[in-house]
Amino acid sequence: MSEEKGRPLPPAPGSAEHAGIALANTWQVFSGGTRDLLADRERASSWLAENGLIGQGAALGDPCTARLRTLRHHVRRLLSATAGASEPPEDSITEVNAAIKAAPSATLIAWDRERGLHRVVTHPVDELTDSLLAALAADTAELLCGPDASRIAACAAAPCSRFYLRTHGARQWCSVRCGDRIRAARAYRRKNSA
């Protein structure tokens, strides 16, 4: 549906609490096509800024955007395996772990005249992407290994490609829009088969 493709979907349950779900859901499939919120560096930078992961005006380059899309691919595979109760792909575990380990996490001592001695985590420009990917990967690891892991689900409204956290056991869809679309399709089939 072209209308569906043009309108942004509401946030999926759990995406506000877990950046890993939000990242996975930047790839969206509709009956009329797909939407990639990380398709180019402008869109990726905009999505990161909207989600508070980089400052307004900061921008990724093309290689960093490609790295972000690669991480998304592996996060989606891990969420899919968890939602389907299947064995997670080893290469995706390796890639998420590599992203976590790539960024410096130690707080160093710094000094300036205004603040005196203080602790900082330095992020030189060339390490900004490492830090960003590490934050997304660490959130994903916390989600996959934490108490919310059993609530991870894939939207059952084909062809929707989004993940969410179940708010109750019977929930099957990532949004009211997906649920309404499936219910309307069922009603249409019943009406036309009679």
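The following questions and answers introduce the predicted model of this chain.

Q: How many helices and strands does the chain have?
A: From the N terminus on, the elements run α-α-β-β-α-α-α-β-β-α-β-β-α. Counted by type, the chain has 7 helices and 6 strands.

Q: What does the C-alpha trace of the chain span along its principal axes?
A: The chain has 194 residues, of which buried residues make up 39%. Along the principal axes, the C-alpha trace spans about 80 × 35 × 30 Å.

Q: Which residue in E2 is the bridge partner of Phe-30?
A: Strand E1 covers residues 27-30 and strand E2 covers residues 33-36, and the two pair in the antiparallel sense over 4 bridges. A hairpin of 2 residues joins E1 to E2. Phe-30 has its bridge partner in E2, and that partner is Gly-33.

Q: Through how many residues does a hairpin join E3 to E4?
A: Strand E3 (residues 108-112) pairs with strand E4 (residues 116-120) in the antiparallel sense, over 5 bridges. One of the pairings sets Asp-112 against Gly-116 in E4. The hairpin that joins E3 to E4 runs through 3 residues.

Q: Which element gives the largest share of the largest nonpolar core?
A: This core holds 27 residues, and those that touch the most other members are Leu-23, Leu-48, Leu-68, Leu-71, Val-75 and Leu-79. The elements that give two or more residues to the core are helix H2 (19-24), H3, H4, H5, H6 and strand E6 (163-165). The largest share, 6 residues, comes from H6.

Q: Which element gives the largest share of the lining of the largest pocket?
A: The largest pocket holds about 350 Å³ of space. Its lining consists of 18 residues, and the closest to the pocket centre are Leu-9, Gln-28, Leu-37, Trp-47 and Asn-51. The largest share of the lining, 4 residues, comes from residues 41-50, which form helix H3.

Q: How many residues of the lining of the largest pocket are charged?
A: The lining of the largest pocket divides into nonpolar, polar and charged residues. The nonpolar residues number 8 and the polar residues 6, and the charged residues number 4.

Q: Which elements give two or more residues to the lining of the second largest pocket?
A: About 160 Å³ of space lies in the second largest pocket. Its lining is formed by Leu-78, Ala-81, Thr-82, Ser-86, Pro-88, Ile-93, Val-96, Asn-97, Ala-141, Leu-144 and Cys-145. The elements that give two or more residues to this lining are helix H4 (62-83), helix H5 (90-102) and helix H6 (128-145).

Q: How many residues of the lining of the second largest pocket are nonpolar?
A: The lining of the second largest pocket has no charged residues. Polar residues number 3 there, and nonpolar residues number 8.

Q: How many disulfides does the count come to?
A: A disulfide requires two cysteine sulfur atoms within 2.5 Å. Cys-160 is in no disulfide, as the nearest cysteine sulfur, that of Cys-174, is 3.7 Å away. The sulfur of Cys-178 has its closest cysteine sulfur in Cys-160, at 3.8 Å, and is therefore too far for a bond. The count comes to 0 disulfides.

Q: Is Cys-178 buried or exposed?
A: A residue counts as buried under 20% relative accessible area. The relative accessible area of Cys-160 is 12%, so Cys-160 is buried. For Cys-178 the relative accessible area is 2%, so this residue is also buried.

Q: What separates the C-alpha atoms of Asp-40 and Arg-67?
A: Asp-40 has its place in the loop between E2 and H3, and with a relative accessible area of 25% Asp-40 is partly exposed. Arg-67 lies in helix H4. The two residues are 27 residues apart along the chain, and the separation of their C-alpha atoms is 12 Å.

Q: How far apart in space are Arg-67 and Ala-99, C-alpha to C-alpha?
A: Arg-67 counts as partly exposed, at 35% relative accessibility. In sequence, Arg-67 and Ala-99 are 32 residues apart. In space, C-alpha to C-alpha, the distance between Arg-67 and Ala-99 is 9.7 Å.

Terms used
Residues are numbered from 1 along each chain as its sequence is written. This is a predicted model: local features need pLDDT of at least 70, side-chain atom pairs count only at pLDDT 80 or more; totals for chains, interfaces and linings use all residues. Side-chain values use heavy atoms; hydrogens and water are left out. Buried means under 20% relative accessible area, exposed over 50%, partly exposed in between (1.4 Å probe, protein chains only). On a 1 Å grid over the protein atoms alone, a cavity is a set of points where a 1.4 Å probe fits but cannot get out, and a pocket is an open set with protein on both sides within 12 Å along at least five of seven lines; lining residues have an atom within 4 Å of a point. Grid points are joined across faces, edges and corners, and a volume is the space filled by probe spheres set on the points. Ala, Val, Leu, Ile, Met, Phe, Trp, Tyr, Cys and Pro count as nonpolar, Asp, Glu, Lys and Arg as charged, and the others, Gly among them, as polar. Two strands pair if DSSP finds at least two bridges between them. A nonpolar core is a set of buried Ala, Val, Leu, Ile, Met, Phe, Trp, Tyr and Cys residues joined through side-chain atoms within 4.5 Å.
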